[in-house]
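Trainee: I'm new to this one and would like a close look at a single part. Could you take me through the aromatic rings and what surrounds them?

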Amino acid sequence: MKHGELDGLPFMPEMARHCGQQFTVASVAHKVCDTVNRSGMYKMKDAVHLTGAGSRCDSSAHDNCQAACLLYWKTAWLKRVDARP
């Protein structure tokens with residue numbers, strides 16, 4: 001990981017508070033649309049969306065924009081846990 005990113009996807013400050021918690025993968029992220037620079041749509045590799053609180057940005061590090069963007073998590077940042085009995 002270089003400059004806090006993996007394969008060009010940044011690990012955002014808003015994601016740090018979710019570290020160490022357990023979430024379920026909601027869906028595989030196949031593509032992302034650049035709505036900031038409007039440079040188009042890009043294919044994603046090894047990225048997912050999580051359920052619950054880990055699913056959306058709370059904008060605390062983005063001037064409280066309140067856009068509630070979906071968070072993209074690289075699978076390398078996640079640790080699989082065994083299902084609970």
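Mentor: Sure, and keep in mind that this is a predicted model. The count of aromatic pairs comes to two. One of them joins phenylalanine 11 and tryptophan 73, whose ring centres are 5.9 Å apart, with 80° between the planes, an edge-to-face arrangement. Look at where these two sit along the chain: phenylalanine 11 is in the loop between strand S2 (9-10) and S3, while tryptophan 73 is in strand S7, and 62 residues separate them. Their surroundings can be read from the accessible areas. Phenylalanine 11 is partly exposed, at a relative accessible area of 25%, whereas tryptophan 73 is buried, at 4%.

Now for the other pair. Phenylalanine 11 and tryptophan 77 have ring centres 5.1 Å apart and planes at 85°, so this pair is edge-to-face too. Tryptophan 77 lies in the segment after S7 and phenylalanine 11 in the loop between S2 and S3, so the pair ties together parts 66 residues apart in sequence. Tryptophan 77 counts as buried because its relative accessibility of 18% falls under the 20% cut-off. Put the pairs together and you get one aromatic cluster made of Phe11, Trp73 and Trp77.

Tryptophan 73 also takes us into the sheet, since it is in strand S7. Three strands make up this open sheet, in the order S3-S6-S7, with antiparallel pairing. Strands S3 (25-28) and S7 (73-74) are at the edges with a single partner strand each, so each has one side without a neighbour in the sheet. In general, the strands of a sheet pair through backbone hydrogen bonds, parallel or antiparallel. Here, S7 pairs with strand S6 (residues 47-50) in the antiparallel sense, over two bridges. You can find alanine 47 opposite lysine 74 of S7.

While you have the model open, have a look at the cysteines as well. Searching the whole structure turns up zero disulfides. For cysteine 65, the nearest cysteine sulfur belongs to cysteine 69 and is 5.8 Å away. A disulfide needs the two sulfur atoms within 2.5 Å, so that distance does not qualify. Cysteine 69, likewise, is in no disulfide, and the nearest cysteine sulfur to it is that of cysteine 65. As for accessibility, cysteine 65 is partly exposed at 48% relative accessible area, and cysteine 69 is partly exposed at 42%.

How values were computed:
Residues are numbered from 1 along each chain as its sequence is written. This is a predicted model: local features need pLDDT of at least 70, side-chain atom pairs count only at pLDDT 80 or more; totals for chains, interfaces and linings use all residues. Side-chain values use heavy atoms; hydrogens and water are left out. Buried means under 20% relative accessible area, exposed over 50%, partly exposed in between (1.4 Å probe, protein chains only). Two strands pair if DSSP finds at least two bridges between them. Helices (H or I, at least four residues) and strands (E, at least two) are DSSP runs, numbered from the N terminus. Rings of Phe, Tyr and Trp (its six-membered ring) pair if their centres lie within 6.5 Å; planes under 30 degrees apart count as stacked, over 60 as edge-to-face and the rest as tilted.
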